[in-house]
Structure formats: structure tokens, C-alpha cells
Amino acid sequence: MNRIPLRKWTLSLFAAVSVMGLAACGTSTSSTQQAATPAPTAPAASTPAPEASTPKVEGTLSFYTSQPDADAAALIEGFTKQYPQVKVELFRSGTEEVVSRLQAEAQAGQVKADVLLVADAPTFASLKKQDLLMPYASPEAEQIPAELKDADGTYTGTKVMATVLAVNSSKVKALPDSWKVLTAPEVTGKAVMPSPLYSGAAAYNLGVFTRQSEFGWEYFEGLKANQMTVSKGNGAVLKSLAGGEKEYAMVVDYMVARAKQEGSPVELVYPNEGVPVITEPIGILKAAKNQDAAKAFVDYVLSEEGQKLAAGLGYTPIRKGVAAPEGLKALEEIKVLSASIDELEASREADKKKFGEMMGGN
């Protein structure tokens, strides 16, 4: 779903030595209790309980993601404030490129990632099938709806991201209410969408749309006939729309809402037919070298604090009780277009190949 070239960089924050032990876990690492055992003829003796042990969260954490650079940086900063003895190494690109790199590492027996956070559930379903993910029942996942997480705990959704219809409001005065506008004669050559060959969200959307009776592959044939422009990722799509190069777009909702708040002439619409929704799941790699830090990272992302951070960045939170940001609908307000995760995973490569042959694109 993203558009920034490959890049690897490191963000790290360290606490002062005097508080290193405390900050590394966020709470005290040990506690002592008194246990009393009454005897019939003498006062009970007080015996200290065994010292509680909490894994020390420190070292290097390798984080692979398709989030935009700035959003990934904010997430890492929030996490390392709680765990200052963890050094987070980041690799980010579009979902398809991130997963391709991970697959290459797995084939070489040298998986470097500890934690993965990319666009959609079918991607994680595929990795689970390949036995690359480690089950982890985060206590924070209890606040995530069951249908938005893997039953075995190998991945959990982190936010709600709908793909919507967006327009350049300086050029389009009457807001459309249907996806069918993108195949209308008056929109010929005026619309843009992200490529499923790069964007995980777009690949998910392709699978969902083609499995709806009112859309199917015929809809994409209509887009092709209407000269739909296929751009690399959602960021490039938004840039084209906000800059006036295109008047209509198929794009993720949070980007449009954020751009509008920043002054761009854009408006988003949740079409009457419904919208595809991805949850940008997070999971831990079975080959993770720093499992304690990986678990702490997952906990942070799913925690109330982590979800409020996501909302502050403009995403609709997935955790119950955390409000959606201004301009976006909460999950319960959205009419969702969906399809079987297993079917989407099984047909993903074939769908992408057919799209590439039909539409072209990057």
C-alpha cells in the first residue's frame, strides 16, 4: 500500500544507566511477598516468596513493514519510550516487496525480521501456511474483534483501513456515491488507482472486487476501457489526485482524510455498494532472534496507547473503545465488501497475473 523506495535505517533511544533496569520492562522486574502459615502452638513464620521473573526487554529488534516512513518512525518512537534498551532496525517498502524479501531470506535460511506489519490478512495467511509465523496470544489482543485476528494467534489486525472513492474537490463538485462512476464515459482518462503488483491493499481489493457479483472481472474490464491509470502505490495515487492530474481515485481512506486536513482539495466517499477493508496485521516470525522484544512490540501496537497513537496519525483504530479520527468512519459504521481469506490467499498470484495482463501497471 505504500510508495517509498527501499530503505533501511535505525531508530534507537536509550535511557540513562541509573534507570536502565526499571525502564527496560516498563514495570518493576521483581516483587517480594510474605506468606504466613499458622501453627497450633506458635506464631507463623514469615517466608519470602520466590522472586518473580520478567523477561528483560532489550537488544536489537528487526521490524519489517509497509507503513509510510513517518508513521513507522512514530510507532518506533512510542515503543522505545517504553523500552529504551531496545534498538529498532527498520526495513520498509510496499507490501509485495517486503514479503518478497522475507521469502528470499526464508529460502536462504536467514530470516532477519523479528516482527512483520504489512497490509492484509491473506499475506499473513500465506506466511502461516509456510510455517514462518510464531503463535503469540498477546493479552492486548483480547480487545480486538475475533474476526480481525487469527484464531491461532499468528497475526492480529492493528487498524481499519478502507479503500474509498476520492475526488479532487476543485474539479468535481457533485460527489459520486457509487464505484460505477469510474466506468462512466465522463470520467474517461480522469481516474487513477494503485497497482496490485506493488500495493498489498490493492491486491486485496482486487481479490474482493472480483468476487462480488455486481463487480467481478467485468468491472476491471470497464476500468481498462475507461483508460484507468494504474500507479505504483496509494501515495502516488493521492499525489496525482491532490495535484489535479487526476480527478477521481481509488485510494485508502486515511490518506485522503489526512491530505484534506493539511489543505489539499480532496474529498472521500464511502460508496453505496460498500468498501474493501484491510487491517494491516502484525505478527512475529518463528525465526525471530529477539522474541521478548517482538512480543513487547506487538503488545504496544495493540495496547490502548498504541491504538491512540494510530488514531493520532489518522488511522481508524481496531481496538474496542478507541475512537476513529475526524473524517473517517468507525468499523461498525462501514458497509464492508469481503471475501474468504483462504480463497483470497490461494488466488492472489493468479489474480495479480491476470490484472497485469489486462491492465498493465508497475
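**Exercise 1. Which strand gives the most to the lining of the second largest cavity, and with how many residues?**

Before the solution, one reminder: this is a predicted model.

*Solution.*
- Start with the lining itself, which consists of Met134, Tyr136, Ser138, Gly153, Thr154, Tyr155, Thr156, Ile282, Gly283, Ile284 and Val298.
- Now bring in strand S14, which covers residues 282-285. Ile282, Gly283 and Ile284 are among the lining residues, and S14 gives the most to this lining, with three residues.
- For the space inside, the second largest cavity holds about 60 Å³.
- Sorting the lining by class gives six nonpolar and five polar residues, with no charged ones.

**Exercise 2. Find the largest cavity's lining and say which element supplies the largest share of it.**

*Solution.*
- The structure has four cavities of 30 Å³ or more, and the largest of them has about 100 Å³ of space.
- Its walls are made by Gln67, Asp71, Leu75, Leu117, Lys159, Val301, Gly306, Gln307, Leu309, Ala310, Leu313 and Tyr315.
- Two elements give two or more residues here: helix H2 (69-82) and H10.
- H10 takes the largest share, with four residues.
- By class, you get seven nonpolar, three polar and two charged residues.

**Exercise 3. Describe how helix H9 and helix H10 pack.**

*Solution.*
- A general hint first: two packed helices are described by the angle between their axes and the distance between the axes.
- Here, helix H9 runs over residues 291-302 and helix H10 over residues 304-312; the angle is about 60° and the axes are 4 Å apart.
- Roughly perpendicular would need 65 to 115 degrees, and roughly parallel an angle under 35 degrees. H9 is therefore oblique to H10.
- Next, look at who touches whom: on the H9 side there are Tyr300, Val301 and Leu302, and they meet Glu304, Glu305, Gly306, Gln307 and Leu309 of H10.
- That contact is made up of four nonpolar, two polar and two charged residues.
- Some of these names came up in the last exercise: Val301, Gly306, Gln307 and Leu309 also line the largest cavity.

**Exercise 4. Set the two largest pockets side by side: what lines each of them?**

*Solution.*
- Take the largest pocket, with about 330 Å³ of space. It is lined by 16 residues, and the closest to its centre are Glu147, Leu148, Tyr204, Val277 and Thr279.
- Strand S13 (275-278) and strand S16 (336-337) are the elements that give two or more residues to that lining.
- The class count for the largest pocket is twelve nonpolar, two polar and two charged.
- Move on to the second largest pocket, where the space is about 220 Å³. Its lining has 14 residues, with Val99, Gln103, Ser126, Arg348 and Glu349 closest to the centre.
- Three helices each supply at least two of its residues: helix H3 (95-107), helix H4 (121-129) and helix H11 (341-359). H11 has the largest share, five residues.
- By class, this second lining has four nonpolar, five polar and five charged residues.

**Exercise 5. Asp131 and Glu280 both have a positive phi; is each one buried or partly exposed?**

*Solution.*
- Asp131 has a phi near 60°, a positive value in a residue other than glycine. Look for Asp131 in the loop between H4 and strand S7 (133-134).
- Buried means under 20% relative accessible area, and exposed means over 50%. At 46%, Asp131 falls in between, so it counts as partly exposed.
- Glu280 has a phi near 40°, again positive and again not a glycine. Its place is the loop between S13 and S14.
- Glu280 has 0% relative accessibility, so it counts as buried.

**Exercise 6. Locate Gly244 and list its contacts beyond its neighbours within four places in sequence.**

*Solution.*
- Gly244 sits in the loop between helix H7 (234-242) and strand S11 (248-252).
- Its relative accessibility is 14%, so Gly244 counts as buried.
- With those sequence neighbours left aside, Gly244 is in contact with Asn168 and Lys171.
- Asn168 is 76 residues from Gly244 along the chain, yet their C-alpha atoms are separated by 6.6 Å.

Notes:
Residues numbered from 1 in each chain as written. Predicted model: local features only at pLDDT ≥ 70, side-chain atom pairs only at ≥ 80, totals over all residues. Heavy atoms only, no water. 1 Å grid on protein atoms, 1.4 Å probe; cavity = no way out; pocket = protein on both sides within 12 Å on 5 of 7 lines; lining within 4 Å. Points joined across faces, edges and corners; volume = space filled by probe spheres on them. Nonpolar A, V, L, I, M, F, W, Y, C, P; charged D, E, K, R; others polar. Axes fitted to C-alpha atoms, helices over the stretch in contact; angles between N-to-C directions. Parallel < 35°, antiparallel > 145°, perpendicular 65-115°, else oblique. Contact = heavy atoms within 4.5 Å. Buried < 20%, exposed > 50% of the residue type's maximum accessible area, 1.4 Å probe, protein only.
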